[in-house]
Amino acid sequence: MIVTNLNTPYYAVIFTTLLTKNLADYEKTADRMEELAKLQEGCLGIESVRSKIGITVSYWKDLASITKLKNNIEHTEARINGRNKWYQQYQLRICKVERNYGFER
């Protein structure tokens, strides 16, 4: 689902990954991290695609909300497992969105 109706400005966290072959518990943890993010105050929505390259974009009202999720103990454990087991490579980008628009049929 595409997240719509976000009022600017807001923040986008773009998390791009290449996975290893060791994916035990990866899907379960990835789903839980999306659920956890959606429960955080300040989360405005999430879009995610997992294939050869995984891309997850989460939207936030402010930087403090992003930091709060980063410091969550479950999220910290998932980051450690990601580095040790699941990710061959990842890149995280935090962007301030000043303008957006879209189309829907």
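Modeller: The lining of the largest pocket has 17 nonpolar, eight polar and five charged residues. The model is a predicted one.

Colleague: What makes a lining residue count as nonpolar, polar or charged?

Modeller: The residue type decides: Asp, Glu, Lys and Arg are charged, while Leu, Met and Phe are among the nonpolar types, and His falls with the others as polar. F15, M33, L69, H75 and L92 lie nearest the centre of the largest pocket, out of 30 lining residues. By that rule F15, M33, L69 and L92 are therefore nonpolar and H75 is polar.

Colleague: Which element gives the most to the lining of the largest pocket?

Modeller: α1 does, with six residues. The space in this pocket is about 730 Å³.

Colleague: Why is L92 called partly exposed?

Modeller: The relative accessibility of L92 is 42%. Partly exposed covers the range between 20% and 50%, so L92 belongs there.

Colleague: Which residues form the nonpolar patch on the surface with L92?

Modeller: L63, Y90 and I94 join L92, and together the four have about 340 Å² of accessible area. A patch residue needs over 30% relative accessible area, so L92 at 42% passes that cut-off. L92 sits in strand β4, and β4 (residues 87-97) gives the most to the patch, with three residues.

Colleague: How do you know that E27 and R50 form a salt bridge?

Modeller: Their side chains come to 2.9 Å, N to O. The limit is 4 Å between a Lys or Arg nitrogen and an Asp or Glu carboxyl oxygen, so the pair qualifies. E27 is in helix α1 and R50 in the loop between β2 and β3, so the bridge ties together parts 23 residues apart in sequence.

Colleague: What makes E27, D31, E34 and R50 one network?

Modeller: Salt bridges that share partners join them. One of these is the bridge between R50 and D31, at 3.1 Å, N to O. R50 and D31 are 19 residues apart.

Colleague: Why is R50 called partly exposed?

Modeller: R50 has 30% relative accessibility, and buried would need under 20% and exposed over 50%, so R50 is in between. D31, with a relative accessible area of 42%, is partly exposed as well.

Colleague: How do you know that E74 and R32 meet in a salt bridge?

Modeller: At 2.8 Å, N to O, the pair is within 4 Å, so the definition is met. E74 is in helix α3 and R32 in helix α1, 42 residues apart. The whole structure has seven salt bridges.

Notes
Residues numbered from 1 in each chain as written. Predicted model: local features only at pLDDT ≥ 70, side-chain atom pairs only at ≥ 80, totals over all residues. Heavy atoms only, no water. Patch = residues over 30% accessible without salt bridge, like charges linked within 9 Å, V, L, I, M, F, W, Y side chains within 5 Å. Areas by Shrake-Rupley, 256 points an atom, 1.4 Å probe, with all protein chains shown as cover. Helix = DSSP H or I, 4+ residues; strand = E, 2+ residues; numbered from the N terminus. Buried < 20%, exposed > 50% of the residue type's maximum accessible area, 1.4 Å probe, protein only. 1 Å grid on protein atoms, 1.4 Å probe; cavity = no way out; pocket = protein on both sides within 12 Å on 5 of 7 lines; lining within 4 Å. Points joined across faces, edges and corners; volume = space filled by probe spheres on them.
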